[in-house]
Amino acid sequence: MATAPRSGLAGLLKSWVAHLGPAAPVGIALTREAAQRLVQSFIGSEGAPISPGINAQGFGGLAAGGAQLYFEWHEETKALECSALVYRFREPPKPGVIAGFQAEEQEGTDTGGGTVDYEPENRGLYLTRTYAQVPEERTFAKEMRRLMKTSRKWNTEVLDRVASRVFHPEELEKR
């Protein structure tokens, strides 16, 4: 008996799902393979083309909805770092700027479940979550979407607030 050729979105989805192995049990130590599956599953759920998730060097990423999300597998700690870009500085940030973002975090500004993370090598400011244990796939996707949404808010609202605090504190005193 012949089967119909796979075509369209349903066929693509079936072939993509068939490529993925079974999910790792939730709560166990994360492995590179489980991290790769999580990233592949999330990228697929966002409608992106089939992706290896994490490349041979341990990196992956996704740009969607005006947000950029980066994944990095750390072999030495067996952890998956997930970072949503808030802002990329053209020059190294002026003194007090990174501390201003860290103060926002300390004061309770929503970080989307992440922490403020400045990476000097690429001058990027991120909200970052790190996973050392396997989360449930739907929970991971929900947390990544929240991180991305929050990074966009930090790029608009929090960035302006920090700049005002650092560069024009006298204006804030007038209010």
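In the predicted model, the N-terminal end of helix 4 is capped by E136, which places a side-chain oxygen 3.0 Å from the backbone nitrogen of R138. Helix 4 covers residues 137–167 and has 31 residues, so a span of 45 Å is expected at 1.5 Å a residue. The C-alpha atoms at its two ends are 42 Å apart, which agrees with that expectation. Helix 4 also contains a kink of about 40°, centred on W154.

W154, the centre of the kink, is also one of the buried residues of helix 4. Before W154 in the sequence, the buried residues of helix 4 are F140, A141, E143, M144, L147, M148, T150 and S151. After W154, the buried residues are V158, L159 and V162.

Two residues in loops between strands were examined for their backbone angles. K78 is located in the loop that joins strand 2 (67–74) to strand 3 (79–88). The phi angle of K78 is near 55°, a positive value in a residue that is not glycine. K78 has a relative accessibility of 37% and therefore counts as partly exposed, as this class lies between the limits of 20% for buried and 50% for exposed.

R123 lies in the loop between strand 4 (115–119) and strand 5 (124–131). Its phi is likewise positive, at about 55°, although R123 is not a glycine. With a relative accessibility of 32%, R123 also counts as partly exposed.

Notes:
Residues numbered from 1 in each chain as written. Predicted model: local features only at pLDDT ≥ 70, side-chain atom pairs only at ≥ 80, totals over all residues. Heavy atoms only, no water. Helix = DSSP H or I, 4+ residues; strand = E, 2+ residues; numbered from the N terminus. Expected span 1.5 Å × (residues − 1). Bend = angle between axes of the 7 residues up to and from the residue. Buried < 20%, exposed > 50% of the residue type's maximum accessible area, 1.4 Å probe, protein only. Polar contact = N/O pair within 3.5 Å; in protein donor to acceptor, adjacent residues only side chain to side chain.
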